[in-house]
Amino acid sequence: PGFQQKVFHIEQPSEFTEDQPILNLVFDDCKGNDKLNFEVSNPDFKVEPNGSLVALKNISEAGRALFIHARSAQAEDMAEVLIVGGKDNHGSLKEIFKIEDGNLGILRQKRAIVATAILIPENQRPPFPRVVGRVIDSDGTEGSKFRLSGKGVDQEPKGAFKINENTGEISVTRSLDREAISTYQLQVEITDVSGKSIEGPVLLDIIVIDQNDNRPIFREGPYVGHVMEGSPTGSTVMRMMAFDADDPGTDNALLRYNILKQTPDKPSPNMFFIDPEKGDIVTVVSPALLDRETMENPKYELIIEAKDMAGLDVGLTGTATATIVIDDKNDHPPEFTKKEFHATVKEGVTGVIVNVTVEDRDDPATGAWRAVYTIINGNPGQSFEIHTNPKTNEGMLSVVKPLDYEISAFHTLLIKVENEDPLVPDIAYGPSSTATVQITVLDVNEGPVFHPDPMMVTKQENIPIGSVVLTVVATDPDTLQHQTIRYSVYKDPAGWLEINPTNGTIFTTAVLDRESPYVHNNVYTALFLAIDSGNPPATGTGTLQITLEDVNDNAPAIYPTLAKVCDDAKELRVVVLGASDKDLHPNTDPFKFELSKQSGPDKVWKITKINNTHAQVILPQNLKKANYNIPILVTDSGKPPLTNNTELKVQVCSCKKSKMDCSAADALHISMILILLFSLFSLFCKFS
């Protein structure tokens, strides 16, 4: 079965004439040649059903060889047409299979081995193995054998080919896949009986001929394209590219594109066209039909088909969906839904008072639809602002500075609306892009207002109870309502003040004390209320800040009041005394330190000044262990000065080995003379 003649030799004519028979091929599968099909290696030739080889057009060069592959339901075979005298050109065996000059026919020859390139169609059907070619030993050495090696024999994929060691026949053992491996390079050797190589190795090329066994595949999806509405006819939207794994040098991978279906099919069932060779999708309707606002759906889905074999009916197909979105351009200005809007707001209130609404036929959520509002008149005091609601596109008009009914009960605003994106050149904003907002301000009973606030006054501390501090004044903003105002104390932390409810005079009910914990940084703060006679009454709050001037009303105090000393110490500094005064300068330091008069044996203590705030007490001689109370007088610099008499307790203790023991001190030792002096001094201070 197969071609009855497998090799033909023809002379290169001056021209192969279109449809003129070149030679006749006879193929017989011994079963009636059911479903017989021919394929020619050069796409410029074909084999007619009767076996005639003809050119599809006038051709001056066809290369060195043509290979004809025939397949029926029962058998397949290969025939070779060698063209003598022709020049190499596109489509020749040299270019198709990358064979070097001079190696066509007998591809490689070394010594006695002749190895002609073997062409095998992919996807052959059983039975296997089948003979596909033969190598020749021209010397015919007796007892020699052929040996085959290389990728596809003893290298992966192993066992695809084998050789008859005696005859040199090459057999393929299974179906081949050109898309996996397109060529095999094997090595042929001649060995002696012992297996030693005596000729070779010589390269043997096995070339797998492509069959159309791969469908086109769209593998870069999803495919989404965009085109602006109103675009000119012929505008390119996107490109569709399919992939075919077959041999790109044959019609098996030569693709043609077609649109199978368009959804929706309005306003025209043929809105788009695809270039059959490039795959470019372009618009084919007029710009007027490409109007997003008049379309049922501004999104189209196209079923795109790619077919190999240059689009012939026998070609394999693949499909993909292309989504085309008609993008909006700003060809519709926003328009207010009515010419005048109304709002009512209470005086003194801030926030959104009204939403103004617009209509825009452009694509929502785009710059061609989103509105930008501007107040162009009626807002000199900048009391109003308008912002866009991003969800509804409405304009939210707000009061940002409280309105005053007594100043103006009505406001009229003129508002303009535009889009974020500019309009297309032939469209303009019209009268409907402006609107008026009428705002009515409602009167509210406002609380009285203190003037000034805070109210500040300076007073000396210790002023007499009942002294007038200040007369406060509060006014009612509701000038159109004739109301009276009454005053009351709101917060008086120390309870020092009272206010006349009618005239607002504040007076003291207790002595003001700058040193009080309720005074901070010499300032005492109290809050007062002013209540009008409205229904319901409104209240205003005012702050009073009294700065208290200092008076010398605090005598200084000394520290510490206890000291310990050893009984054997001489010229010992007993303690360093410090003095503090709650008053301010000049009613504090420098302080004067003194001892009450001492007489008799107790006249042993001395006090000396160190600086304005400190002095030291010195023991000039040893004393026996006892507890001594020393009266210390400290006087500030105020006018008049204040003196404090404080007892400094001194413990004279026994000291041994750097340890002080005061537990055995004698009972308190105070001379009667010292007691008498203390008593007289106390009486003097009391009556002075």
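**Close-up 1. Phe-218 is a buried residue in this predicted model**. Its relative accessible area is 13%. That value falls under the 20% cut-off, so Phe-218 counts as buried. Tyr-257 is buried as well, with a relative accessible area of 7%.

**Close-up 2. Phe-218 and Tyr-257 form a tilted aromatic pair**. Twelve aromatic pairs are counted in the model. In the pair of Phe-218 and Tyr-257, the ring centres are 6.3 Å apart and the planes meet at 55°. An angle of 55° is neither under 30 nor over 60 degrees, so the pair is classed as tilted. Phe-218 sits in the loop between strand S18 (197–209) and strand S19 (223–228). Tyr-257 belongs to strand S21 (residues 256–263). The two parts are 39 residues apart in sequence, so the pair ties them together.

**Close-up 3. Phe-336 and Tyr-373 make another tilted pair**. Their rings are 6.2 Å apart, centre to centre, with 50° between the planes. Phe-336 lies in strand S26 (residues 335–336), and Tyr-373 lies in strand S30 (residues 371–377). With these positions 37 residues apart, the pair links distant parts of the chain. Phe-336 has a relative accessible area of 9%, so this residue is buried. Tyr-373 has 7% relative accessibility and also counts as buried.

**Close-up 4. Three phenylalanines gather in one aromatic cluster**. The members are Phe-3, Phe-27 and Phe-38.

**Close-up 5. Arginines sit over phenylalanine rings**. Arg-219 places its charged end over the ring of Phe-243, at 3.7 Å from the ring's centre. Arg-130 lies over the face of Phe-128. Here the distance to the ring centre is 5.6 Å.

**Close-up 6. Three strands build an open antiparallel sheet**. The strand order is S3-S7-S6. Strand S3 (23–24) and strand S6 (45–47) are the edge strands, and each of them pairs on one side only. Strands of a sheet pair through backbone hydrogen bonds, either parallel or antiparallel. S3 pairs with strand S7 (residues 52–55) in the antiparallel sense, over two bridges. Leu-23 has Leu-53 of S7 as its bridge partner.

How values were computed:
Residues are numbered from 1 along each chain as its sequence is written. This is a predicted model: local features need pLDDT of at least 70, side-chain atom pairs count only at pLDDT 80 or more; totals for chains, interfaces and linings use all residues. Side-chain values use heavy atoms; hydrogens and water are left out. Two strands pair if DSSP finds at least two bridges between them. Helices (H or I, at least four residues) and strands (E, at least two) are DSSP runs, numbered from the N terminus. Rings of Phe, Tyr and Trp (its six-membered ring) pair if their centres lie within 6.5 Å; planes under 30 degrees apart count as stacked, over 60 as edge-to-face and the rest as tilted. Buried means under 20% relative accessible area, exposed over 50%, partly exposed in between (1.4 Å probe, protein chains only). A charge sits over a ring if NZ of Lys or CZ of Arg is within 6 Å of the ring centre and within 35 degrees of the ring normal.
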